[in-house]
Amino acid sequence: MTGPRDLNAQIESLVNRLRRRQVVGSWSVSLETALLLRQVVSVARWNQVNVLINLVKDVGGKLVMAQPRELAVGNIVRRVLRLIRDVYNSEVSNSNTNLTSTSEEVEDDDKDYEDDNVIKSPPQKSKTYDLQSYSGPGSIISSSFFSSSASMINLLGDGSVSGKEASLDYDRKCYNLKPTIISELQELINELENMYVNIADQAMEHIHSNEIIMTVGKSRTVEMFLKTAAKKRKFSIVVAETSPKYLGHEMALSLSQAGIDTTVISDSAIFAVMSRVNKVIMGTHAVLANGGLISVSGTQMVATAAKHHSTPVVVCTGLYKLSPLYPYDEDSFNDLVAPDPVMSFDEGELIDKVTILNPYYDYVSPELVSLFITNTGGHPPSYLYRLINENYDPEDTVI
Amino acid sequence: MPIAAIESLVELIKHSKATTLSEFMESLKDASQKLKSSVRNSISLSAGADLFLRFVTRTSHDVTNFEACKEHLMNSGKVLVEKAVAVRHKIAELGVQFIKDDATILIHSYSRVVMLLLQQAAAHKIRFNVYVTESRPTSLGIKSAKILCKAGIPATIILDTAVGYVIDKVDAVFVGAEGVVENGGLINAIGTYQLAVVAKAANKPFYAVIESYKFVRLFPLNQYDLPTHTSDLLAFPDLESRCYQESQIGENSEQNIKEEDYDVENFVARNPTVDYTPPEYITLLCTDLGVLTPSGVSDELIKLYL
């Protein structure tokens, strides 16, 4: 990626690959997006942060348009935008002693902040979003409280940063922010690369000996999660085959090769088997802001059956899949793909007489999910709005 | 109402002759107490007054000069009053996304922000129909229907008792609110709760549309926990003592049942005007702070009052 090639050519290339579905899967898509945006930040010429923000939005917009179903692209673009804003804000608050919120930082000399010091030491606020150094919910509450100051009070105040004023604010000239932003971006990329390990590390807390666990579809996150648990615990897995793509078969094969006791069931047996299952653990394609899932079709059925039997549903997902969008219209996030796997073309005579629909995704409402396991720990669906406030800026929701 | 509360407090600041900060704060607190006790339904009013008082406390910590502080407060009060309209437009803009083309919407009573949202949706060339509940006893639903029809949105008034009848035809329910309480529940014109229960039973999304200055620091556990509830609301008639009288008088007992108990004005006066909708019935809240889940409300309140 870091060759001397023209930036535009790189953007075009990713756009085309997204469009042709040559890069698929939330994880690879978001990694590619993050790498490209790092390139954009480092190659582009800018001396004002709002120029950079517009540039990133512009590139991000192209990528999102290229493949609107891959919500992860938009999520990464928003993360990067938020990161730029945070670096800038902490720079401004460091150099501006008049702001009220900086009262504790002001104790030092002003001059210190003008030096390279700023670049070397990562800005205070960005630590909140550095998910590697997550240190429990307490820290997040206090720092997010500080960073965004109370937003209701913005109604009254002209002192604090509020909606529109903030966007006008980004036009100060900054020459020394680039290295900070790039190092923060690198951390985001590292986070993406370590994603699976971070989630899998929590496996021991959730899987106990002799449990029967059901899963659906094929998810790399869940695969790692289960394999990590299998190193120490003995448990059995029931995999729903997930027709018509039969992703469950691949999943089952991979799990059984790791020495886990695996059973494949047909999708129609999900409800019947559910009464014996202790826990459902599954992956997802995207998580919406209310805690709803966009996930491979068949998930809704598993989740509803689990609800009926009061079986807990645990969803393993990286934070990059968390989208600040709401399910305004459940169908708008869905995809109707080729009907070939449902009924192959050889079936000749019948094929003319019936309409075959093959929706790729299901929308699962948040009431059906018990817990999300992300790389920052376990969260109930009702907590997701806070993760969203921490990771995205409300101004970036529409790219 | 919350805006009016803030306006009157600003007016108080303008005329305040207090010389120390604590005296000043005391007078503000007194005034807001007086405001709250002067009306029967103080919920939205106390939201505004509390918000402003909180802001005063905050500013008094930041600004050292007393006169400058007063000046600052007066300005911000004015800013808020000006912003109130802009805020509603912002909410409408956000909420439009929830209305699909060819949808049927059910709304309750009259709410400025819901009206604006629907008009905005019509301006975005979304075609939809609206059922409006009559919402007795205020019958403000009639006003809503008139406004909507004038804006070119087909609106039909339904009786409050007909909600269950139409709910299957409805795609989404929208309500405004007098106040949003700490757990994300709503306080709104009577009938909202039953609307929410019916919507939940029919699996229809129930959206609340509100300005963030209506967030109140209340945590009602049930209907009777509201500050608007008094013991004479919906009290049962004391038939025992009346029976006693009847037996004394004897045969004339039927005439003795007080006819005035059944006069419309009389029993309406003994009925509640607002009810509380618990958060589990609310799908999403559409506010100027963005779209929130009910649990997000407490976070905003904590940010403010922590």
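Biologist: At what angle do helix 5 (residues 112–123) and helix 6 (residues 140–150) of chain B pack, and how far apart are their axes?

Modeller: In this predicted model, the two helices (DSSP runs of H or I with at least four residues, numbered from the N terminus) pack at about 20 degrees with their axes 10 Å apart, where axes are lines fitted to C-alpha atoms over the stretch in contact and angles run from 0 to 180 degrees between N-to-C directions. Residues are numbered from 1 along each chain as written, while chains are lettered from A and ligands numbered from 1 in written order. Local features need pLDDT of at least 70, side-chain atom pairs count only at pLDDT 80 or more, totals for chains, interfaces and linings use all residues, and side-chain values use heavy atoms, without hydrogens and water.

Biologist: Why is this pair of helices, 5 and 6 of chain B, called roughly parallel?

Modeller: Angles under 35 degrees count as roughly parallel and angles over 145 as roughly antiparallel, with 65 to 115 roughly perpendicular and the rest oblique; helix 5 and helix 6 of chain B, at about 20 degrees, are therefore roughly parallel. Their crossing is right-handed, a term for a near helix turned clockwise from the far one by less than a right angle, left-handed being anticlockwise.

Biologist: Which residues make the contact between helix 5 and helix 6 of chain B?

Modeller: Met115(B), Leu118(B) and Gln119(B) meet Ser144(B), Ile147(B) and Leu148(B), contact being heavy atoms within 4.5 Å. By class, this contact has four nonpolar, two polar and no charged residues.

Biologist: What makes helix 1 (residues 2–15) and helix 4 (residues 66–95) of chain B roughly antiparallel?

Modeller: Helix 1 and helix 4 of chain B pack at about 155 degrees, with axes 10 Å apart, and are therefore roughly antiparallel to each other. Helix 1 of chain B passes helix 4 of chain B in a left-handed crossing. Among the residues in contact, Ile3(B), Ile6(B) and Glu7(B) belong to helix 1, whereas Lys70(B) and Leu73(B) belong to helix 4; by class, this contact has nine nonpolar, one polar and three charged residues.

Biologist: How do you know that helix 4 (residues 71–95) of chain A is mostly covered, and how does its reach compare with the expected span?

Modeller: Of the 25 residues in helix 4 of chain A, 23 are buried, that is, under 20% relative accessible area (exposed is over 50%, partly exposed in between, with a 1.4 Å probe and protein chains only). From first to last C-alpha, helix 4 of chain A reaches 37 Å, close to the 36 Å expected, the expected span being 1.5 Å times one less than the number of residues.

Conventions: Ala, Val, Leu, Ile, Met, Phe, Trp, Tyr, Cys and Pro count as nonpolar, Asp, Glu, Lys and Arg as charged, and the others, Gly among them, as polar.
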